[in-house]
Every structure is written in structure tokens, then in C-alpha cells.
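Grab your viewer and a scratchpad. Here's a short set of exercises to work through, each with a solution you can check yourself against.

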Amino acid sequence: MSGNSAELSVALVKAGRTKIRYAATLLHDDGTRLAVRAPWAGDGVRDFGFVRFEAGDVFTEYFWRDRWYAVKEVRTAAGVLKGWYCDITRPAVLTGTELVVEDLDLDLWRSADGTDVRRLDEDEFAQSGLAGRDPEAAAAAVAALDELERLARGDEFTGLLA
């Protein structure tokens with residue numbers, strides 16, 4: 001599918017229910033990693049304090065079928081890089097034109113200049129009860145967050161997206 005653009009529906013599932021569904025354009029699919037582009041799909045502005053997602057922002061999102069995370073490059077409508085928002089997820093599943101990604105609560109932010117790397121939502125993850133329900137998935141999620149943080153603090157991070 002490399003080089004062919006197609007419209008997909010991306011479904012972000014959390015705790016067994018669809019949290020958000022949005023249309024995205026498939027940019028690349030090599031059988032392991034998919035890349036899609038989509039406008040900010042949230043309602044209004046989401047202000048995290050260290051970054052704001054707002055109307056006009058464009059997300060280039062990278063999903064893997066064999067990794068427990070997704071990396072979302074965030075740019076303004078004018079193309080200025082804000083940074084990367086990373087979700088810890090189960091490996092992505094593409095069925096037809098629907099890409100399903102199960103969010104496991106843990107997140108990571110890396111600023112455009114790489115100086116601000118922060119782990120997010122570890123309290124939500126602890127409260128989710130995943131460790132009790134599915135200890136293997138919980139361990140994979142924590143390992144994925146540790147790996148992403150290590151990559152985000154080094155030069156290899158952008159190599160994930162090349």
C-alpha cells in the first residue's frame with residue numbers, strides 16, 4: 001500500500017468502548033507500520049499546560065502492528081512542529097478501512113526541540129486495574145513507555161518515523 005492514499009476510520013478504544021473515532025488519510029502501510037494524517041479531531045482546545053491541541057492542528061500518526069505504542073507528530077495549520085504525543089496501546093489492528101487502537105492510559109510527550117520529555121497519566125494507568133486483569137499487557141505497556149522515553153531522550157526517536 002505504500003504510496004497509495006486511502007481514507008481510513010481510526011477508532012481509539014479505551015476500557016472496551018470507543019473513546020473517539022475520526023477519519024484519516026493513509027500515507028503508508030508497509031505491513032508492520034502504518035502512517036496516517038488527520039486534523040485535530042477533539043472538541044475545541046485541549047490545553048495540557050505544556051502544549052495546546054486546537055482546530056487546524058495536523059497530526060501525522062504512526063501505528064505499529066508489533067509494538068505497544070503509537071507516535072503522533074503534531075503541527076500547527078502553518079506547519080510548525082509542536083512535538084510528539086505518544087500513546088501506549090496494544091498493537092494496532094487494521095480490518096478493511098478501520099484501524100482499531102486500544103489505548104492503555106499511559107502517554108508520553110516530547111517537545112519539538114526534544115528538551116521536554118514527560119511521562120503522562122501514570123496515575124490513570126494504576127487506577128485502570130489493567131495490572132490485575134491482564135498482568136502481561138500491563139507489563140508490556142510499562143516496558144513500551146520505558147522504551148519510548150529512552151528513545152525520546154536520544155537521537156533515535158525521529159528514526160522511528162523515517
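The exercises below start with the whole chain, then move to the pocket and a handful of residues; keep in mind that this is a predicted model.

**Exercise 1. Take stock of the fold: how many helices and strands are there in the protein chain, and in what order do the elements run?**

Step 1. Count the elements. You should land on three helices and eleven strands.

Step 2. Walk along from the N terminus. The order is β-β-β-β-β-β-β-β-β-β-β-α-α-α.

Step 3. Check the contacts. Taking those with a separation of 6 or more, 44% join residues 24 or more positions apart.

**Exercise 2. Work out whether the radius of gyration of the protein chain agrees with that of a compact globule.**

Step 1. Get the expected value. For 162 residues, a compact globule would come out near 15 Å.

Step 2. Compare. The protein chain has a radius of gyration of 15 Å, so it agrees with the globule rule.

Step 3. Add the box. Along the principal axes, the C-alpha atoms fill roughly 40 × 40 × 35 Å.

Step 4. Look at burial and surface. Buried residues come to 43% of the 162. The chain exposes about 8000 Å², and carbon and sulfur atoms supply 49% of that area.

**Exercise 3. Describe the largest pocket: what is its volume, and which residues are closest to its centre?**

Step 1. Start with the volume, which is about 510 Å³.

Step 2. Find the centre. The lining has 26 residues, and Leu12, Lys19, Trp40, Arg46 and Lys72 are the closest to the middle of the pocket.

Step 3. Map the lining onto the fold. Two or more lining residues come from each of β1 (6-14), β2 (17-29), β3 (33-39), β6 (58-64), β8 (81-89) and β10 (98-111).

Step 4. Sort by chemistry. The lining splits into 13 nonpolar residues, one polar and twelve charged.

**Exercise 4. Two residues of strand β6 are Trp64 and Thr60; decide whether each is buried or exposed, and find what they touch.**

Step 1. Place Trp64. This residue sits in β6, and its relative accessible area is 3%, under the 20% cut-off, so Trp64 counts as buried.

Step 2. List its partners. Setting aside residues up to four places away in sequence, Trp64 touches Thr32, Arg33, Tyr69, Ala70, Val71, Pro91, Ala92, Leu160 and Leu161.

Step 3. Try a distance. Trp64 and Val93 are 29 residues apart in sequence, and their C-alpha atoms are 8.6 Å apart.

Step 4. Turn to Thr60. It belongs to β6 too, and with a relative accessible area of 5% Thr60 is buried. With residues up to four places away left out, Thr60 touches Leu27, Val36, Arg37, Val71, Lys72 and Glu73.

Step 5. Do one more distance. Thr60 and Leu26 are 34 residues apart along the chain, with 9.8 Å between their C-alpha atoms.

**Exercise 5. Which residues does Thr89 contact beyond its neighbours within four places in sequence?**

Step 1. Locate Thr89: strand β8.

Step 2. Check the accessibility. At 2% relative accessible area, Thr89 is buried.

Step 3. Read off the contacts. They are Arg67, Trp68, Tyr69, Ala70, Val101, Glu102, Asp103 and Leu104.

**Exercise 6. Now try the loops: where do Ala15, Asp121 and Glu54 lie, and how accessible are they?**

Step 1. Begin with Ala15. You'll find it in the loop between β1 and β2. Its phi is near 55°, a positive value in a residue other than glycine. With 75% relative accessibility, over the 50% cut-off, Ala15 is therefore exposed.

Step 2. Next comes Asp121, in the loop between β11 (117-120) and α1 (122-128). Here phi is near 65°, again positive in a residue other than glycine. Asp121 is partly exposed, at 23% relative accessibility.

Step 3. Finish with Glu54, which is in the loop between β5 (52-53) and β6. At 25% relative accessibility, Glu54 is partly exposed.

Step 4. Find the partners of Glu54. Beyond its neighbours within four places in sequence, Glu54 contacts Trp40, Gly44, Val45 and Lys82.

Step 5. Check one last pair. Glu54 and Trp109 are 55 residues apart in sequence and 16 Å apart from C-alpha to C-alpha.

Note on methods:
Residues are numbered from 1 along each chain as its sequence is written. This is a predicted model: local features need pLDDT of at least 70, side-chain atom pairs count only at pLDDT 80 or more; totals for chains, interfaces and linings use all residues. Side-chain values use heavy atoms; hydrogens and water are left out. On a 1 Å grid over the protein atoms alone, a cavity is a set of points where a 1.4 Å probe fits but cannot get out, and a pocket is an open set with protein on both sides within 12 Å along at least five of seven lines; lining residues have an atom within 4 Å of a point. Grid points are joined across faces, edges and corners, and a volume is the space filled by probe spheres set on the points. Helices (H or I, at least four residues) and strands (E, at least two) are DSSP runs, numbered from the N terminus. Ala, Val, Leu, Ile, Met, Phe, Trp, Tyr, Cys and Pro count as nonpolar, Asp, Glu, Lys and Arg as charged, and the others, Gly among them, as polar. The radius of gyration is taken over C-alpha atoms; the globule rule is 2.2 Å times the number of residues to the power 0.38. Buried means under 20% relative accessible area, exposed over 50%, partly exposed in between (1.4 Å probe, protein chains only). Contact means heavy atoms within 4.5 Å. Accessible areas come from the Shrake-Rupley method with a 1.4 Å probe; for residues, only the protein chains shown count as cover.
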